[in-house]
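Take a look at the model below. The report that follows covers its contacts, its core and its charged pairs.

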Amino acid sequence: MEYLLLFIGTVIVNNFVLVQFLGICPFLGVSKQVSTSVGMGIATTFVMVMAALASWLIEHFILVPLDLVYLRTLSFILVIAALVQLVEMFLHKSIPGLYRAMGIFLPLITTNCAVLGLSLNAVLRSYNLGESLVYGFGAGVGFTLALILMAGIREELEFADIPKPLKGAAIALITAGLLSLAFSGFAGMI
Amino acid sequence: MNKMIKDFLRGLWDEHPTFRIMIGMCPTLAVTTSAINGMGMAIATTFVLICSSLLISMLKKVIPGGVRIPAYIIVIATFVTTVDYLMQAYTPDLHEALGVFIPLIVVNCIILGRAEAYASKMPVIWSAFDALGMGLGFTWGLTLIGSIRELLGSGTIFGFSVAPDGFTPFAILTSPPGAFITLGVLLALMNIISDKIAQRTRANQQKTAS
């Protein structure tokens, strides 16, 4: 039950993208087509769960016993970079179409602040291993959800008659604001 | 010399990180609930940006091409950790308010972007100027967004109350949706202004031509 609440809380109530502003760059950059955003969401979710696991292990078996807590940011980002490389190599070999579609944004998962943010948050809130994994998975699902919602709206926006100054990023941000407004309705749920 | 100044000014308008290239968006939206938070975040980022651009520019001949990105990230993460601990010691309130977004400066694309696009190719002094320009651009951007959200959202600016009596603040602007909407509207305004400027220069050119 506790895990379920944590999961729902992470996916909907404290949605990583729309409420906590983590992972905005890929959210605005890759959300032009539903199909690429699904792929991006799945790849990011995978990296997030792995990052939650890896950062928990590093924190509790290396940094705390050896009294190296000040190396936390440094070690987490290096592990995330290695994980992203792994996903990239896997996709390149097995799903080349998706690999090409994601282009520059695939290596950019490394600099997706949602991944590092979740690793740091999980440690700061002293989650145990199970909670960290649920938190990581929830973050990934929440990110994917926001990305797909946004992509769906933007596909329709392509055909809308938008005033010239609002074209492009401006209307995307205002759309995101309205989505975020909808999500803030969940605030009292848990 | 002229080109150096041009490179410096580029970050303030033409290639403004927030309003033009749209990078470093997470802190831009997350911490700008008040002017002071936005400014504090931007100054911390500028410090990291200048220090890492300097160091990366100095080390550009030493770092092998194949591992340059991890090497840059280590340099950046080192300075971020420094800033994190410095802020914890000297500005604990601000540190508390910015929270996880201070360690997240590591993944701010502005810093890695400048390292890759500029500092890794140019001399040290040039890189410092470029970093300073980008940093100042980021600072005015974040301070502006923070001021607007604070002014309309809670009727204060830098913590001083400036709203007339009877002013009901738009609380939505200090909450997450307000961040997106404020930036969206600002971007639209920016587009209108640069269109006007482009039209005027074109008109002037035609005048001189005829």
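The text goes from the interface to the salt bridges, then to the core and one helix.

**Interface**

This is a predicted model. Chain A and chain B bury about 2,900 Å² between them. Carbon and sulfur atoms give 84% of that area. Chain A puts 36 residues into the contact, and chain B puts in 34 residues. On the side of chain A, the most area is lost by Phe21(A), Thr111(A) and Leu173(A). Together these three account for 22% of what that side buries.

Polar links across the interface can be listed briefly. The rule finds 2 residue pairs in polar contact between chain A and chain B, both at pLDDT 80 or more. Four helices of chain A each supply at least two residues of the side that touches chain B: H2 (24-29), H4 (72-94), H6 (113-124) and H8 (169-184). H8(A) gives the largest share, 9 residues. By residue class, this side of chain A divides into 24 nonpolar, 10 polar and 2 charged.

**Salt bridges**

How many salt bridges does the whole structure hold? The search over all chains finds 8. Between chain A and chain B the count is 1. Three of the pairs are set out here.

| Acid | Base | Closest N and O atoms |
|---|---|---|
| Asp195(B) | Lys164(A) | 2.9 Å |
| Asp7(B) | Lys3(B) | 3.7 Å |
| Glu15(B) | Arg10(B) | 3.9 Å |

Asp195(B) and Lys164(A) meet in a salt bridge at 2.9 Å. This pair crosses between chains. Asp195(B) lies in helix H8 (residues 176-209) of chain B, while Lys164(A) sits in the loop between helix H7 (129-157) and H8 of chain A. Are the two partners buried or exposed? Asp195(B) has 35% relative accessibility, so it counts as partly exposed. Lys164(A) has 58%, so it counts as exposed.

Asp7(B) and Lys3(B) pair within chain B at 3.7 Å. Both belong to helix H1 (residues 2-10) of chain B, and they are separated by about one helical turn because they are 4 residues apart. An α-helix has 3.6 residues a turn, so residues three or four places apart point the same way. The two ends differ in burial class: Asp7(B), at 8% relative accessibility, counts as buried, whereas Lys3(B), at 48%, counts as partly exposed.

Glu15(B) forms its salt bridge with Arg10(B), with the closest N and O atoms 3.9 Å apart. Glu15(B) is partly exposed, with a relative accessible area of 28%. Salt bridges that share partners join Lys3(B), Asp7(B), Arg10(B), Glu15(B), Arg114(B) and Asp130(B) into one network.

**Core**

Which residues have the most contacts inside the largest nonpolar core? They are Ile24(A), Phe27(A), Leu116(A), Phe101(B) and Leu104(B). That core has 98 residues. In soluble globular proteins, nonpolar side chains tend to be buried together.

Phe27(A) shows the detail. Neighbours within four places in sequence are left aside here. Phe27(A) is then in contact with Val17(A), Leu18(A), Ala146(A), Leu147(A), Met150(A), Arg154(A) and Ala176(A).

**Helix H1 of chain A**

Helix H1 of chain A spans residues 2-13. Its buried residues are Leu6(A), Gly9(A), Thr10(A), Val11(A) and Val13(A). What do the buried residues of H1(A) pack against? They pack against H7 and H8 of chain A.

Note on methods
Residues numbered from 1 in each chain as written. Chains lettered and ligands numbered in written order. Predicted model: local features only at pLDDT ≥ 70, side-chain atom pairs only at ≥ 80, totals over all residues. Heavy atoms only, no water. Core = buried A, V, L, I, M, F, W, Y, C linked by side-chain atoms within 4.5 Å. Buried < 20%, exposed > 50% of the residue type's maximum accessible area, 1.4 Å probe, protein only. Contact = heavy atoms within 4.5 Å. Buried area = accessible area lost by both parts, 1.4 Å probe. Salt bridge = Lys/Arg side-chain N within 4 Å of Asp/Glu carboxyl O. Polar contact = N/O pair within 3.5 Å; in protein donor to acceptor, adjacent residues only side chain to side chain. Nonpolar A, V, L, I, M, F, W, Y, C, P; charged D, E, K, R; others polar.
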